[in-house]
Amino acid sequence: MSDNARRDFLKQVGITTAATVGLSSITAKADEYKSGEVQGVLVDIGVCVGCRNCERACQVAHNLPAGDPEEYHNRDVYKEFRRPSTHSLTVVNEFENPKNKLIPYDVKYQCMHCNHPACVSACIVGAFTKNRNGAVTWDTNKCIGCRYCMVACPFQIPTFEYDKAIQPKIMKCDFCFERTKEGLLPACVANCPVEALTYGNRDELLVLAKKRIARYPDKYIQKVFGEDEVGGTSWLYIAPVDFEKLMFPTLGDKPAPGVTEAIQHGIFSYFIPPLALFGWLGGVMWLSKRKKELTESETKKEEDK
Amino acid sequence: MKRKIIFTSLLIFSLVFIIVYAKVDNNKAREQKKTQASETVTQIGNKTIVPEVPNDKKYGHAMMPVDCKTCHDCEVPTKNNPCLKACPRKEFITIYHLPEEGPTVVSLDEVKGDYGAVAFSHKVHAQMSQMSGGCETCHHYNTTGPVLKCKTCHSTTRQRADISVPDLEAAFHRQCLNCHRQWSHSTDCQSCHVLKGQNIKQVEAEKLKKFKTYSHPPLTEPKKVIFKTNHQGGDYVTFFHTEHTDNFGIACKTCHSNDNCINCHDVTLKAIDQNTPVRKTHKSFQEHHDPCSKCHVQQIENNCSFCHQDQPAEAFNHLKVTGFNLAPFHTNLMCNQCHKQPGNFKNMDKNCTSCHNNFVKGKFDHKRVGIELNETHSDLDCSDCHKNNRFDKSPDCSDCHDGYAYPKQIPGKKAKR
Ligand code: SF4
Ligand code: SF4
Ligand code: SF4
């Protein structure tokens with residue numbers, strides 16, 4: 001099959017699947033929403049001092065190696081941009097403040113806990129769950145290690161324990177699901193010395209965020225990141241500079257997943273077992289991987305010439 | 001061709017799988033779907049959140065019977081953004097504690113955490129703050145009445161109903177770290193906190209002993225500051241500091257916040273000569289111009305050379321520029337005592353009576369100019385000697401006394417001013 005032919009074939013599969021199962025299955029759940037239940041965190045970048053207490057608290061709460069508290073005050077880590085990893089579910093990065101070099105902008109990153117999580121939709125075995133309180137959690141017993149969530153997430157959040165041969169896990173911030181269940185605050189929120197992280201009802205946080213921007217119009221830009229992005233997220237940010245400057249992706253207000261979600265929900269509604277879908281998608285994956293290898297070897301050959 | 005075969009076999013394989021799996025696991029899938037449906041939420045309700053104007057708590061001077069707009073030029077003045085009008089204004093805040101009246105050391109032990117309490121050297125901080133915002137740097141919204149406890153508004157626990165006000169831990173840390181991290185370039189805990197288990201009373205006693213007699217060195221004010229800028233043509237900006245503070249009554253905090261502290265306390269400065277007169281500034285273009293722009297509106301907008309000159313500027317000489325000598329009677333006045341309209345200094349009438357309506361016979365104490373009039377002369381009208389009431393000109397004696405002239409002859413005796 002030539003490359004073009006294959007592409008056409010895939011396109012057709014996509015279109016027919018979408019058409020047969022219909023997209024209506026996604027919105028069918030709207031009635032389940034209970035506004036008061038969704039919690040969130042407002043991250044105020046204008047307040048964060050980059051002490052990385054949140055990082056350490058997160059480590060401790062998740063039984064990850066935490067180390068000495070004083071180590072976290074070493075600001076050398078800020079020389080390189082970091083992303084959440086299997087070893088740290090949240091990381092703080094630092095950016096220069098052109099207005100005052102002595103007060104740089106520090107930004108905490110973690111899972112945004114999207115209202116319409118792409119990871120949930122992409123996961124073909126339903127290992128991800130969007131919980132009523134907003135938290136997007138992951139179940140080790142269901143995961144088959146396909147890593148679609150990693151590809152689907154618009155914020156590049158889920159990470160995979162490549163270094164573990166036996167039962168590698170997908171690692172990401174779980175909004176401290178176990179803690180909040182017991183009425184505790186998320187570990188990072190509880191340990192931030194300046195309360196740059198405010199935990200609360202998402203709707204209330206939105207009001208709070210907008211009030212804060214209105215009160216300090218010179219300090220903040222007129223935007224609450226996460227209000228609309230990919231259909232809204234539980235974690236919200238306000239900042240003194242444009243979010244692109246803080247390495248936030250520019251995203252529309254439509255939920256990230258499109259056809260994938262439709263396929264998945266559609267298939268579930270027709271009781272087609274996920275494993276079969278996995279087999280089918282696995283085939284697609286295998287092919288695209290092979291294609292990549294081919295092009296790579298072709299370019300290599302060209303380079304050799 | 002090979003690929004085609006692989007692909008077809010894969011499809012067949014999946015189809016077989018579908019059938020087998022569906023048979024074996026249909027029930028399981030149904031269950032899974034059920035649990036999923038009850039666990040998941042994928043939709044967030046309508047959002048129409050309109051920000052309201054916050055209804056500030058009214059403390060202290062906010063209760064005074066004046067329109068807020070008299071001093072503030074924004075809707076909602078806050079601690080960080082009080083938007084005070086900078087130009088000459090009446091001081092409304094009348095109750096002001098001296099730093100020495102407050103406690104010397106305060107133990108901050110209300111918040112429990114990984115570290116121990118903080119023995120806060122209140123007095124020296126208050127002394128420093130005199131130049132960078134005063135008591136209300138910390139005791140915001142509360143400048144006139146009795147000093148409120150921080151926890152009156154700031155909750156001692158993070159989990160609370162009203163999340164619009166930072167909790168006590170955050171309020172403290174924001175207050176301290178905002179300056180301290182700029183000088184220390186760190187957010188380490190131990191420069192303020194004692195270690196857990198350490199006796200705070202003992203640390204407090206030690207500090208009390210140290211600071212009882214120690215005061216922060218007095219804050220000195222430069223006469224002028226010369227800025228070397230990167231402005232094209234007109235590198236130098238000379239700022240006559242004392243003139244602005246003395247003559248216009250501008251308070252330190254109008255321009256300075258914590259930048260004064262940094263000038264001495266920045267840990268990286270220790271490496272270079274502390275006494276060096278040249279200091280690099282961390283301020284942005286806007287931060288440099290904002291304090292000036294409140295009064296020098298037009299100059300900032302379209303007359304850079306008003307401040308930016310090729311070399312350090314001479315001090316303003318009233319006589320040279322305007323022809324009116326401030327010496328000897330007007331040297332200690334604030335500019336706005338004569339130039340009543342802010343920003344408008346031109347076209348003043350140089351005639352004394354245009355300001356002094358008491359320069360009339362019987363009301364004016366002539367001794368003040370150094371001559372006590374004798375009886376004959378004190379009965380005269382001012383204009384008999386001072387033609388057209390021009391007091392800045394020498395009096396004309398020749399109208400009555402042939403060959404007499406001031407100051408050879410005087411109409412009385414010399415007196416002490
Ligand atoms: S603990 Fe708070 S202040 Fe410190 S880095 Fe994290 S968010 Fe920022
Ligand atoms: S940020 Fe990524 S991982 Fe987190 S909920 Fe959204 S899509 Fe999923
Ligand atoms: S909410 Fe919990 S898991 Fe997520 S970053 Fe904070 S501490 Fe880590």
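Helices here are DSSP runs of H or I with at least four residues, and strands are runs of E with at least two, each numbered from the N terminus. With that in mind, select chain B of this predicted model, in which 13 helices and seven strands are found. Of the 417 residues in chain B, 24% are buried, and if you display contacts between residues at least 6 apart in sequence, 58% of them join residues at least 24 apart.

**First stop: helix α2 of chain B**

Select residues 122-129 of chain B, which form helix α2, a mostly covered element in which seven of the eight residues are buried. The buried residues are B:H122, B:K123, B:V124, B:A126, B:Q127, B:M128 and B:S129.

**Second stop: helix α3 of chain B**

Move on to residues 168-184 of chain B, the 17 residues of helix α3, where a rise of 1.5 Å a residue leads one to expect a span of 24 Å, and the end C-alpha atoms, 23 Å apart, agree with that expectation. Centre the view on B:L177, because the bend at a residue is taken between axes fitted to the seven residues ending there and the seven starting there, and α3(B) has a kink of about 40° centred on this leucine. B:L177 is also one of the buried residues of the helix, which include B:L168, B:H173, B:C179 and B:W183. Just beyond the helix, pick B:H185, which follows α3(B) and has a positive phi, near 55°.

Now stay in helix α3 of chain B and select B:R181. Is this arginine, B:R181, buried or exposed? Its relative accessible area is 7%, under the 20% limit, so B:R181 counts as buried. Show what surrounds B:R181 and, leaving aside neighbours within four places in sequence, you will find contacts with A:C48, A:V49, A:I103, A:P104 and A:D106 from chain A, together with B:S186 and B:T187 from chain B.

**Third stop: a sheet in chain B**

Select β3, β4 and β5 of chain B, three strands that form an open, antiparallel sheet in the order β3-β4-β5. Strands β3 and β5 stand at the edges with a single partner strand each, so one side of each has no neighbour in the sheet. Between β3 (residues 224-228) and β4 (residues 236-240) there are five bridges in the antiparallel sense, and B:I226 can be seen opposite B:T238. On the other pairing, two bridges join β4(B) to β5 (residues 308-309), with B:Y236 opposite B:Q309.

**Fourth stop: backbone details**

Most residues other than glycine have a negative phi, and most peptide bonds are trans. Against that background, select B:Y406 and B:P407, which are joined by a cis peptide bond with omega about 5°; B:P407 lies in the loop between α13 (382-385) and β7 (412-414) of chain B.

In chain A, go to A:N63, in the loop between α3 (53-61) and β2 (91-95), where phi is positive, near 55°. A:N63 counts as exposed, at 74% relative accessibility. Then select A:F175, in the loop between β7 (170-171) and α6 (177-181) of chain A, where phi is near 60°, again a positive value; A:F175 counts as buried, at 3% relative accessibility.

**Last stop: ligand 3**

Finally, select ligand 3 and display the 13 residues that surround it, of which the closest are A:C58, A:H62, A:C173, A:C176 and A:C188. Coloured by class, this shell around ligand 3 shows eight nonpolar, three polar and two charged residues.

How values were computed:
Residues numbered from 1 in each chain as written. Chains lettered and ligands numbered in written order. Predicted model: local features only at pLDDT ≥ 70, side-chain atom pairs only at ≥ 80, totals over all residues. Heavy atoms only, no water. Near = heavy atom within 4 Å. Nonpolar A, V, L, I, M, F, W, Y, C, P; charged D, E, K, R; others polar. Expected span 1.5 Å × (residues − 1). Buried < 20%, exposed > 50% of the residue type's maximum accessible area, 1.4 Å probe, protein only. Pairing = 2+ DSSP bridges. Contact = heavy atoms within 4.5 Å.
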